[in-house]
Structures are given as C-alpha cells and as structure tokens.
Amino acid sequence: MFTAPIYRAALTAVATVSALACAAVAQESQPTVRTQPSSAYAGSSTTGLGSDGISATDDVREQLDRQEIELRRLRRELEELRAGNLPTAASYTSADKTSSVAGASGSYDNKESLPSPGKSNADAQSPADDGRPVFGPAYEVGSDKALSSSWNNGFEAKSKNGDFRYRAGGLLQFDSSFLNTDPDLLRPPAAGGIGSNPDSLQIRRARITLEGTAYEVFDFKFEWDFANFVAPAAASAGQPVVSTPGLTEMWGQWTQLPVLGIIRVGNQKEPLGLEHVEPIKYLSFIEPSYLFDMVFGPFNLGFTPGIQVMNWSEDQSTTWQYGVFGNDSDGFGYSINNDWAITGRATHLLWYDEPSNGRYLWEVGTSGSIRTPDEGAVRLRTRGDIRSGPPGVLNPIYADTGGLLSDQQDVVAFETFAQAGPWSLQGEYAGTWVQDAVQPAGVDHGTPFFHGGYVELLYFLTGDCRNFNKQFAVPDRTVPLENAFLVETANGYSSGRGAWQLGIRYSGIDLNDNGINGGILNSGTLGLNWFPNPNTIIQFNYDLTHRSQVSGTPDGFINGFGARMAYNF
C-alpha cells in the first residue's frame with residue numbers, strides 16, 4: 001500500500017535528482033558562451049575559441065597564453081585563406097532553434113526538430129569540406145534581445161538566435177447540440193436516469209495562451225479557460241449565474257538538461273494516456289472518449305499541479321515522461337492534504353517513414369498512475385459524446401459510480417497510433433482499481449475494477465495526412481495541402497478546398513463491478529471534419545449511445561447530432 005510518506009519521498013527524489021543534474025551542468029559547461037556556425041573556415045584545433053570554452057580549473061596565465069597562441073594561428077590561417085592557400089569551408093546555416101515551448105507546451109506547431117536532450121542548438125557544428133569542424137564567432141546567450149515577429153500559426157516574436165521567444169495564442173470552440181433521448185432515461189439521477197438532456201448552443205472552450213522562451217533554455221506557458229466552470233445559482237435552479245475562469249497550463253520548465261532532458265514545474269497534464277496528452281484542439285471528434293472523464297481528467301480539465309521530467313532517445317523513436325503530482329479535483333491549480341499521484345508514460349515508434357516525414361508510422365505506448373484519492377474519495381463518471389451545455393456541472397451524466405471511500409486508486413492504460421497516408425487508426429484501453437472501496441452508507445465492496453476503451457479510424461478525402469510530434473508522441477496540427485478560399489477574379493471564380501476528413505469511432509465503458517452499479521455505455525460516432533486552413537476546423541458528429549445495466553432504469557438509446565466551429569492560434 002502506498003502512503004503519503006512514500007509520495008513525499010518520491011517528490012523529494014525527483015527534486016533532488018533534478019538539482020544534482022543542474023549543478024553538474026553549471027560546473028561542467030560554459031554557461032554563457034555559444035558558437036554560431038560560419039561559412040568561413042576557422043581552423044581545426046579542438047581547443048579553439050568558442051569550442052570547448054575555458055576550464056574553471058586552469059591557471060589564468062595558462063589560459064591567456066593558450067588564447068594568444070590560438071589568436072596568432074587564426075590570423076595566419078585567415079591571411080592564407082585570403083591569399084587562396086586554404087580551401088573554403090562548405091557554407092552552413094543552422095536551423096532556427098525550436099524552443100521546447102513549441103512542443104512541450106501542448107501547441108506543437110513548429111515542425112522543426114528540437115535539439116537532442118542535453119545539447120544546445122547553439123553548440124551546433126558543421127564539418128568543412130576536409131572534415132574539420134567549422135566554428136563561428138562566440139556570442140553570449142541573452143545578449144541579443146531584439147525580437148522579430150512573424151505568423152507561425154499564431155503570432156510569434158523571437159530573437160535571431162532563438163534565445164528569446166514569445167507567442168500569444170488562443171482557442172475558441174462554439175458548439176451546437178441536438179439530442180433525442182429515450183423517455184425512460186430522462187428520469188432524475190436519483191432515480192437512475194440522466195435527467196434533462198435538452199438541445200443547446202454553447203461556447204465549449206475559450207482559452208487565452210501566453211508562452212515563450214527566455215535565455216534559450218527556460219520556457220514558460222500561461223493558459224486560462226473562461227468557459228469550462230459554471231456555478232449554478234442554487235441546487236434546484238438549473239441555470240448558471242457566472243462563468244468562472246479555470247487554470248489549465250501554468251508552468252515553467254528547464255530544457256536541454258543532460259540525462260533528464262526537460263524538467264517542468266507547475267499546473268500541467270499528467271503523462272497518462274494518448275488522448276489526454278494530445279492537445280484538445282487537435283482531437284478528431286467533438287468530444288474525447290469516455291476514458292477522459294473516467295480516469296484521464298476527471299473534474300480538473302486534465303491538469304494537476306506537480307513536477308514532471310520528459311525526455312526522448314537520440315533518434316526520437318522512444319519517449320518517456322514521469323512525475324509526482326497533487327491529485328486535485330478542481331481547475332484552480334492547488335492540492336491540499338495527502339492527495340498525491342505518481343504517474344508515468346513511455347512510447348515507442350515501431351515504424352516511422354523518415355522520407356515522408358511520418359506519413360507512414362506506427363506508435364505504441366503504455367502509461368500508469370498510483371494515486372491517493374482527493375479527500376479520500378473516488379468518483380468515476382462520464383458525460384456524453386454530444387453534450388447538452390453549458391459545459392461544467394450542468395452536463396448530464398450518463399454513467400456514475402457515485403462517491404467511493406478509498407485510500408488508493410491504480411490506473412493502467414495502453415495506446416497505439418498508426419498512419420498510412422490519408423488513413424489513421426488510434427485506440428486506447430484503460431482500467432482502474434479502487435482499493436478497499438466503501439460506499440458512504442458503509443457497504444464494503446472490496447477492490448472493484450472498472451475499465452473502458454475506444455478505437456477510431458479516419459480518412460482524408462483530399463489526400464492529406466496527420467502530422468505527428470515525435471518528441472512527445474502525439475498527433476500534431478493538421479496543415480492542409482491547399483487552404484480553402486473563394487474569390488472572384490477577372491477570369492471568373494477561383495477557389496481552394498482545404499482538407500476534408502471522414503471518421504468513425506467506437507467507445508465503451510463499464511462501471512459495474514463488485515456490487516457497484518455505475519452503468520455500461522457503448523457508443524458509435526460518425527464524423528466529418530473540414531480544415532479550411534491550419535487554424536480553423538469545422539466538425540459534424542452523429543452519435544448513437546446505448547446505456548444499460550443501471551439498477552432501476554430500463555436500457556435506452558441517446559441520439560445526438562453536434563456541430564462545432566473552432567479557431568485556434
């Protein structure tokens with residue numbers, strides 16, 4: 001049995017390892033001197049200026065003598081180069097540095113590869129024609145603070161060397177829902193039904209995001225959601241009086257650390273499940289599967305406060321993330337008492353076609369979590385694939401175990417994602433054990449096991465394909481081969497079609513075990529997605545859900561049609 005002291009010890013261990021690694025970096029590396037690649041040959045000595053830096057243990061006089069000798073050699077070779085006695089090195093231009101914020105923050109918009117863990121982009125070298133390395137003039141990280149702006153699927157400003165980067169973005173999702181529910185299911189929840197399930201128009205999400213990089217290796221992200229939390233006027237009123245902003249991602253991180261890779265501290269997503277860590281703005285259907293509500297992100301939008309370590313292999317085929325988090329059940333970024341979670345995820349690419357940049361790939365992974373329940377209680381519940389708004393506490397609940405007193409919850413999940421050109425297949429299975437579950441009335445149910453999963457198949461009618469972020473093993477932003485437009489020209493009308501995608505998904509969940517009667521759900525969803533451009537998506541979903549095995553309530557069906565207009569940047 002895992003207890004609070006064990007969780008504290010785990011948190012202390014993560015923090016200690018991180019501190020030791022940072023101290024090692026500070027002692028063994030040159031903190032402020034970097035080299036820029038140059039197209040001019042600069043010599044072959046491995047102790048040249050800007051190469052290895054100056055050792056802190058050398059005698060000052062020896063350092064000065066060594067530098068003076070090196071300067072003389074460089075002057076001689078420069079004169080020979082001008083006279084044509086030395087070959088000219090091949091021209092080399094380094095790729096713009098991609099801050100970890102672009103990937104690790106959840107936006108995943110920049111397709112440039114991040115540097116290998118523990119290695120700075122500023123340390124990049126290029127061999128000359130004769131195989132010798134080329135170094136440019138040294139520069140001090142953070143010395144150039146001038147920013148130039150551009151549109152990179154959102155407003156972005158960054159310095160020439162990438163030491164500083166700032167990005168402002170947001171997400172708006174506007175939904176319409178039309179539902180037809182069997183009358184027997186419309187009973188009050190206390191009588192085993194789901195309650196009222198009316199049609200609705202709603203703002204599903206409204207988020208503002210600020211993120212960036214400072215001094216090359218320190219990243220940050222701040223994001224608020226203004227639509228997801230609704231406070232009812234009273235228990236019987238059934239109408240909201242205020243929309244309360246919630247915190248989603250609020251963190252800072254240190255990147256490019258040897259061995260560790262990235263350390264992130266703050267309110268963030270736990271590394272649990274593929275659908276959960278995938279940015280919500282890139283999901284292929286209007287709502288995530290039942291697993292999200294059940295175990296991945298119940299009651300807190302999927303974000304918890306904690307510390308996380310993230311890394312990947314040199315060829316980016318294998319990734320791993322792990323951390324210690326507060327197991328909170330709210331959207332305000334705090335956890336109190338002994339409510340802890342130890343969570344980790346690992347993935348591997350069994351196949352990745354490099355020439356096509358991942359147009360053909362197969363990824364597998366697993367994740368798990370050991371948790372002490374928030375306030376000593378676990379509640380597993382899920383809402384529908386098409387939801388009657390507004391978002392939050394007023395959404396009808398289709399399956400619900402009710403509150404279960406427990407001192408530990410264990411979660412395990414398995415995932416896969418495969419792509420073959422315009423076709424993509426994604427699926428997950430997850431299960432959870434609630435240790436020594438006791439209902440509030442005092443009935444002991446032992447250790448029940450609840451589980452569920454989904455599988456979805458998608459196809460682009462227009463020949464496009466989904467992008468995939470290898471460093472974090474998640475699907476990325478869809479960029480159409482052709483943007484949609486319709487304009488009148490001198491020669492008539494001109495138009496573009498964007499990207500069109502069809503999808504089908506099966507999702508199921510079983511919340512019945514050991515005498516606990518939460519219900520069983522099975523649903524099928526058909527989807528049509530239109531991507532007019534990289535920032536806009538219009539979605540149409542038809543869903544048929546079957547609800548069964550709820551004590552005192554007949555089985556029944558819920559038919560739903562939903563449409564969404566979303567803009568993200």
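Strands S25 and S26 make a neat place to start: in this predicted model, S25 covers residues 485–489 and S26 covers residues 492–496, and the two pair in the antiparallel sense. Five bridges hold the pairing together on paper, and one of the residues involved is valine 487, whose bridge partner in S26 is serine 494. Getting from S25 to S26 takes a hairpin with two residues in the connection.

Zooming out, that pair belongs to a protein with 30 strands and five helices. The chain runs to 569 residues, and 52% of them count as buried. As for contacts, take those with a sequence separation of 6 or more: 65% come from residues 24 or more positions apart. The accessible surface adds up to about 24600 Å², with carbon and sulfur atoms accounting for 59% of that area.

Two polar residues are worth a closer look, one in a strand and one in a helix. Threonine 304 sits in strand S14, which spans residues 303–312. Is threonine 304 buried or exposed? Its relative accessibility is 2%, and because the cut-off for buried is under 20%, threonine 304 falls on the buried side. The side chain of threonine 304 is not without a polar partner: a contact of 2.9 Å links it to the side chain of glutamate 270. Glutamate 270 also turns up among the residues that threonine 304 touches once those up to four places away in sequence are set aside. Gly266, Asn267 and Gln268 are on that list too, and so are Phe325, Gly326 and Asp328.

Aspartate 293 is the helical case, placed in H5 (residues 290–296). With a relative accessibility of 1%, aspartate 293 counts as buried. Which side chain does the side chain of aspartate 293 meet in a polar contact? The partner is arginine 383, at 2.9 Å. Arginine 383 is also in the contact list of aspartate 293, which leaves out neighbours within four places in sequence and includes Arg381, Thr382 and Arg387 as well. Pro298 completes that list. The same aspartate offers a handy example of sequence and space parting ways: leucine 380 lies 87 residues from aspartate 293 along the chain, yet the C-alpha to C-alpha distance between them is 7.7 Å.

Technical notes. Residues numbered from 1 in each chain as written. Predicted model: local features only at pLDDT ≥ 70, side-chain atom pairs only at ≥ 80, totals over all residues. Heavy atoms only, no water. Helix = DSSP H or I, 4+ residues; strand = E, 2+ residues; numbered from the N terminus. Buried < 20%, exposed > 50% of the residue type's maximum accessible area, 1.4 Å probe, protein only. Polar contact = N/O pair within 3.5 Å; in protein donor to acceptor, adjacent residues only side chain to side chain. Contact = heavy atoms within 4.5 Å. Areas by Shrake-Rupley, 256 points an atom, 1.4 Å probe, with all protein chains shown as cover. Pairing = 2+ DSSP bridges.
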